[in-house]
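Hi,

Here is the structure I promised to send over. Have a look at it first, and then read on for my notes.

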Amino acid sequence: DRSGSGGSSHNPQGVSNASSRKTRIKCRQIVCVRAAPPSISRKKDRCELLSMDLDDDVVACFVAESDPDMEGMTNPWMTALSREEVACAGNEGVLGDECMQSFALREAIIDFLLDNSSDKFFEEELRKGLYNYLAMPDCDTSDISISVTDTLIACGKGHFLFHAYIHIPDPHSESYGHRLFLFSTRTGTIVKSLYLENNREGTHLFASRPFKRRSDANTGAILCTNILICGPTEAVLFISVEVRRDGSTDLLHKSMIENEEFAPWSKMQAALTSTHAVFSTDPVQGPLLHIQGIDPFSSVTGSFHSIELGGRACALRNLFIIRDQYAVVIIRYRSNDEEEDFDGHWFGINEATHEIIIYHIPTQNEIHRSPISSECVSVDCIGDTLAMNVSNLGFVITGENARDVAGMALDEDNAETMNSPSGKTPKTKKKRLASLASGRKKDGFARGMSLRG
C-alpha cells in the first residue's frame with residue numbers, strides 16, 4: 001500500500017504532496033494465491049507449504065499433505081502456476097482451480113521406477129526391488145516409504161529438481177536409496193534421475209540461478225544450473241542440470257570434495273553462481289568460508305580457497321551473493337561479558353554484535369567490513385534487487401528494478417491527484433483482468449523483479 005496525506009497538514013516547509021509521498025512508499029501485496037492442490041479439502045485435510053521456487057515461466061510450490069492413515073507421514077505434492085496467471089491475478093488476488101497444475105510426487109516417482117525406458121544401472125536395483133515387492137501377494141504401493149526433502153530448485157523451462165529417499169520393504173532383501181529427480185511441469189513426469197549414496201542422510205541442496213551456456217557455434221544455448229549437495233558426514237557434490245532448446249535434459253556429475261577435508265557434522269550454508277560456489281563450515285576453531293571455482297565446460301574443478309571469518313567467538317548468520325561477483329556474510333559475535341552458568345544458560349549485560357563482510361569472489365579479497373544491526377540479519381539479493389527484513393516491522397526492497405516500480409507508482413499517483421479537483425486521490429473501481437493474458441507484454445513481475453522463493 002502507498003501512504004500519504006492528501007491535505008497540507010504537517011507540511012510546514014511547503015513540500016508538495018507528491019514529494020512527501022515519495023519518502024513514504026511502501027511495498028504492497030499484489031496477490032495471495034492458495035498453493036495447495038484443489039483436491040485437498042480446505043476444512044478436513046491439513047497441508048503445509050514447505051518451499052517454492054520460480055523460473056521465467058512457472059511458479060512451483062512443494063506442499064506436504066498429512067496422511068490420515070499413518071501418523072507422522074505426509075504425501076508430497078507439487079503445484080505449478082503460470083507466472084503470467086499470477087501477475088494477472090493482482091487486481092483481485094484470485095485464481096481459479098483450473099489455473100493450477102497439481103502433481104503427486106509419490107506416484108510420479110513410482111511411475112518413473114516402473115518405466116522400462118529408464119535403464120540406468122543405479123535405478124535397476126530399486127526397479128527390481130519394486131517389481132519383486134509388487135509380485136508378492138497382498139502387496140501394493142501403500143507400504144512403500146518415500147520421503148521428499150523440502151527443497152525445490154528451479155532449473156528453467158518448467159523443470160524443477162528435488163531429492164527423495166525411497167524404501168521398498170521386502171522380507172528377504174530391502175531396497176532403498178537416495179535419488180535426485182528432475183520433474184517437468186510441461187509433461188507432468190520425472191524426466192531424469194541421479195543416484196546418490198545410500199547412506200546420505202540429512203541432504204541439503206543449494207543452487208545457482210539458471211544461466212545460459214553456449215558449447216559451440218553449431219548448437220544453441222543450453223540452460224544450466226549449478227547444484228551443491230551436502231550432508232553431515234558425506235562428501236560435498238557438485239552437479240549441473242542442463243536443459244536444451246529441444247527440451248532434452250541431463251544431470252551431470254561435476255566434482256566431489258571428500259568430507260574429511262571439513263569438520264564432521266558441520267552445518268553448511270552455500271550460495272552459487274555460474275562460475276563459483278561459496279559455502280561455509282563451522283569447525284571448532286570458528287566458521288570458515290570456502291570459495292570453489294566451477295568450470296561450466298569441464299567436470300574438473302580446482303582446489304577451494306578457505307577464509308577464517310572471526311574465530312570461536314563468532315557464528316555465521318547469513319550468506320548471499322550480489323551480482324555474481326561479491327559474497328556477503330553476516331556474522332554474530334558474542335560479547336566478552338557473556339559467561340555460561342552452571343545450568344547452561346547465558347547471562348551478561350551486553351548484547352551480541354553483528355558484522356557484515358563483503359568478499360570479491362574472483363580474487364577472494366575482503367573489500368568491506370562494518371557493524372550491522374541485529375534486526376537486519378535476513379538479507380537476500382537476486383540480480384539488481386536486494387531485500388532485507390527489519391525486525392518485526394516488515395522488509396525493505398531496493399535496487400534499480402524496485403526504484404522503477406516505485407517511480408511508476410508515483411507517476412500514477414501524481415496523475416490521479418492532478419486530475420482530481422480537490423487534490424485528493426479519487427477512488428476508482430478496479431477492473432478485472434482476464435486470467436489468460438496471451439499476447440500481452442511482460443510486466444515487471446514477469447521480467448524478474450520479484451525475489452527467488
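I call a residue buried when its relative accessible area is under 20%, exposed when that value is over 50%, and partly exposed in between. Keep in mind that this is a predicted model. With that cut-off, buried residues make up 41% of the 453 residues in the protein.

**The overall picture**

The secondary structure comes to 6 helices and 27 strands. If you take contacts between residues at least 6 apart in sequence, 48% of them join residues at least 24 apart. The accessible surface of the protein is about 25,400 Å², and carbon and sulfur atoms account for 49% of that.

**A helix on the inside**

One helix to click on is H3, residues 105–114. Because 7 of its 10 residues are buried, H3 is largely enclosed by the rest of the structure. The buried ones are Leu105, Arg106, Ala108, Ile109, Ile110, Phe112 and Leu113. Yes, there is an arginine in that list: Arg106 is buried along with the others named.

**Two buried strand residues**

Thr249 sits in strand E14, which covers residues 249–257. With a relative accessible area of 8%, Thr249 is buried. What does Thr249 contact, leaving aside its neighbours within four places in sequence? The list is His159, Leu182, Val191, Lys192, Glu242, Val243 and Arg244. Val191 is 58 residues away from Thr249 along the chain, yet their C-alpha atoms are separated by 7.6 Å.

Ala271 belongs to strand E15 (residues 269–272). Its relative accessible area is 11%, so Ala271 is buried too. Setting aside neighbours within four places in sequence, Ala271 is in contact with His276, Ala277, Val278, Leu319, Phe320 and Ile321. The C-alpha atoms of Ala271 and Phe206 are 6.6 Å apart, with their positions 65 residues apart along the chain.

**Salt bridges**

Side chains of opposite charge can pair when their charged atoms come close. How many salt bridges does a search of the whole structure find? It finds 7.

One of them joins the side chains of Asp57 and Arg186, at 3.9 Å from N to O. This pair links distant parts of the chain, 129 residues apart: Asp57 is in the loop between strands E1 (47–54) and E2 (58–66), and Arg186 is in the loop between strands E8 (175–184) and E9 (189–195). Asp57 counts as partly exposed at 36% relative accessibility, whereas Arg186 is exposed at 58%.

Next, look at Glu242 and Arg244, whose side chains meet in a salt bridge at 3.4 Å, N to O. Is Glu242 buried or exposed? Its relative accessibility is 6%, so Glu242 counts as buried. Arg244, on the other hand, is partly exposed at 27%. Arg213 comes in here as well: Arg213, Glu242 and Arg244 are linked in a network of salt bridges. You will remember Glu242 and Arg244 from the contacts of Thr249.

Another salt bridge is formed by Arg369 and Glu366, with the closest N and O atoms 3.0 Å apart. Arg369 has a relative accessible area of 33%, so it is partly exposed. Glu366 is partly exposed as well, at 40%.

**Two loop residues with positive phi**

Most residues other than glycine have a negative phi. Lys157 has a positive phi of about 55° although it is not a glycine. Lys157 lies in the loop between strand E6 (153–156) and strand E7 (159–168), and with 31% relative accessibility it counts as partly exposed.

Gln364 is another residue other than glycine with a positive phi, in this case near 60°. You will find Gln364 in the loop between strand E23 (353–360) and strand E24 (365–372). At a relative accessible area of 25%, Gln364 is partly exposed.

**A positive patch**

Lys157 turns up once more on the surface. Together with Lys212, Arg214 and Arg245, Lys157 forms a positive surface patch.

That's what I have so far. Shout if anything is unclear when you have it open.

Cheers

How values were computed. Residues are numbered from 1 along each chain as its sequence is written. This is a predicted model: local features need pLDDT of at least 70, side-chain atom pairs count only at pLDDT 80 or more; totals for chains, interfaces and linings use all residues. Side-chain values use heavy atoms; hydrogens and water are left out. Patches are made of residues with over 30% relative accessible area and no salt bridge: like charges are joined within 9 Å, nonpolar side chains (Val, Leu, Ile, Met, Phe, Trp, Tyr) within 5 Å. Accessible areas come from the Shrake-Rupley method with a 1.4 Å probe; for residues, only the protein chains shown count as cover. A salt bridge is a side-chain nitrogen of Lys or Arg within 4 Å of a carboxyl oxygen of Asp or Glu. Lys and Arg count as positive and Asp and Glu as negative; His and the chain ends are not counted. The place of a charge is taken as NZ of Lys, CZ of Arg, CG of Asp or CD of Glu. Helices (H or I, at least four residues) and strands (E, at least two) are DSSP runs, numbered from the N terminus. Buried means under 20% relative accessible area, exposed over 50%, partly exposed in between (1.4 Å probe, protein chains only). Contact means heavy atoms within 4.5 Å.
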